[in-house]
Amino acid sequence: APWATELGVNPSGRRLEPGLAARVRMLFDERVGDLRHEQEWEAVFFPLPESFDIAEARTVDYDDRDFRDRAPGGAIYALVDAPLDRSSWFTSARRDIQDGVYRQRTLELFRNETLGEYSRPGQSRERFVERCLALAEDRADEEAEKLRDRFESRLDTARRRLAQAERRVRELDQDVAGRRQQEMVAGAGDVLSMFLGGRRRVRSLSGMSSRRSRTRRTEERLRSAAEKAADYQDDIAELEDDLADELAEIWARWKAAAEDVGPFEVSLEKNDVRVADMVLFWAPMG
């Protein structure tokens, strides 16, 4: 047997001492984590102890082929105090092993309380965290979906106002361009020249001056409309920043929840432990 050296067995020895090999089947089931995991534990007690404490057992992977059905020639059997000729001794040994496994063996898992998730048997903490991150991403998307209606309404309003402001800018821009064209045709500085030269009367000169004043007022309205359009563009940018901040806060919270993983022990129930096999063997020690 590959594990014989762990016991200090001497293959050429003739003095045989007794030991006990046990195969125990365990069922770990947990309703909360929807867990149902079967596990097998194999161990040997050697030399044969007075009582069976599983903490002193040697965990090995034994096979029926590890044992011979015949003793070596010239074997000498050590005397023991245990009444190996009575079935009650084996019944007691079976009960002690079963009770020890029930009390001391647990299944180590990881748990994420926020997500209500449990790791699979044998799953590393890193792999379990990866699984939790994928679940947390789904939860974050679900929470972010609730923001959609609120931000869509605000964005539609901001875009509508921006479109109106840009349309007003285009209209005023065309108006100002037309008025400037008319002034260029009339000639820049004509009002000054005519008045100072005494060639026109006040009534006609006031009309020319008022047209240019209206052009300047239209230019002022154009600047005001352009500023308003810029303000609406800023509103959209600010709205986008608000959304980005809220999405970042949602993900940071769910990411922290996904990484909040701790150990979790699954205990056995008495009826979930069964000694499936028990073998009394003799091994040479000298």
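The chain has 5 helices and 8 strands, and the model you are looking at is a predicted one. Reading along the sequence, you meet these elements in the pattern β-β-β-β-α-β-β-α-α-α-α-β-β. The chain is 286 residues long, and 30% of them count as buried. Now consider the contacts between residues with a separation of 6 or more: 76% of them join residues 24 or more positions apart.

## A sheet of three strands

Let us begin with a small sheet. In which order do the 3 strands of the open sheet lie? The order is 6-5-7, and the pairing is antiparallel. Strand 6 and strand 7 are the edge strands, since each pairs on one side only. As background, strands of a sheet pair through backbone hydrogen bonds, and the pairing can be parallel or antiparallel.

Strand 5 covers residues 107–112, and it pairs with strand 7, residues 262–266, over 5 bridges in the antiparallel sense. You can trace this pairing residue by residue: leucine 107 has valine 266 of strand 7 as its bridge partner, and leucine 109 stands opposite phenylalanine 264 in strand 7.

Strand 5 also pairs with strand 6, residues 117–118, again in the antiparallel sense, over 2 bridges. Here arginine 111 has tyrosine 118 of strand 6 as its bridge partner. Strand 5 and strand 6 form a hairpin with 4 residues between the strands, and in this hairpin glycine 116 takes a positive phi near 65 degrees.

## Two pockets

Next, have a look at the pockets. The table sets out the two largest of them.

| Pocket | Volume | Lining residues | Lining by class |
|---|---|---|---|
| Largest pocket | about 640 Å³ | 22 residues | 17 nonpolar, no polar, 5 charged |
| Second largest pocket | about 260 Å³ | 13 residues | 8 nonpolar, no polar, 5 charged |

Which residues lie nearest the centre of the largest pocket? They are Asp66, Arg68, Trp282, Ala283 and Pro284. Strand 8, residues 273–284, gives the largest share of the lining of this pocket, with 6 residues.

In the second largest pocket, the residues closest to the centre are Leu147, Arg148, Phe151, Glu152 and Leu243. Helices take part in this lining: helix 2 (125–145), helix 3 (148–186) and helix 5 (202–259) each supply at least two residues.

## Two charged residues in strand 1

Strand 1 spans residues 15–30, and arginine 23 lies in it. Is arginine 23 buried or exposed? Its relative accessible area is 12%, and buried means under 20%, so arginine 23 is buried. The side chain of arginine 23 makes a polar contact with the side chain of glutamate 42, at 2.6 Å. Leaving aside neighbours within four places in sequence, arginine 23 is in contact with Glu40, Trp41, Glu42, Tyr62, Asp63, Asp64, Arg274, Val275, Ala276 and Asp277.

Glutamate 17 lies in strand 1 too. Which side chain makes a polar contact with the side chain of glutamate 17? That of arginine 15 does, at 2.6 Å. Not counting residues up to four places away in sequence, glutamate 17 touches Phe46, Pro47, Ala78, Phe281, Trp282, Ala283 and Met285. You have met two of these names before: Trp282 and Ala283 are among the residues that lie nearest the centre of the largest pocket.

## The loop between strand 2 and strand 3

Two other names on the list of residues that glutamate 17 touches are Phe46 and Pro47. What kind of peptide bond joins phenylalanine 46 and proline 47? The bond is cis, with omega about -10 degrees. Proline 47 is found in the loop between strand 2 and strand 3.

Glutamate 56 is found in the loop between strand 2 (35–45) and strand 3 (58–59) as well. How does glutamate 56 count, buried or exposed? With 61% relative accessibility, and exposed meaning over 50%, glutamate 56 counts as exposed. Follow the chain from phenylalanine 45 to glutamate 56 and you travel 11 residues, while the C-alpha atoms of the two are separated by 7.5 Å.

Notes. Residues numbered from 1 in each chain as written. Predicted model: local features only at pLDDT ≥ 70, side-chain atom pairs only at ≥ 80, totals over all residues. Heavy atoms only, no water. 1 Å grid on protein atoms, 1.4 Å probe; cavity = no way out; pocket = protein on both sides within 12 Å on 5 of 7 lines; lining within 4 Å. Points joined across faces, edges and corners; volume = space filled by probe spheres on them. Nonpolar A, V, L, I, M, F, W, Y, C, P; charged D, E, K, R; others polar. Pairing = 2+ DSSP bridges. Buried < 20%, exposed > 50% of the residue type's maximum accessible area, 1.4 Å probe, protein only. Polar contact = N/O pair within 3.5 Å; in protein donor to acceptor, adjacent residues only side chain to side chain. Contact = heavy atoms within 4.5 Å.
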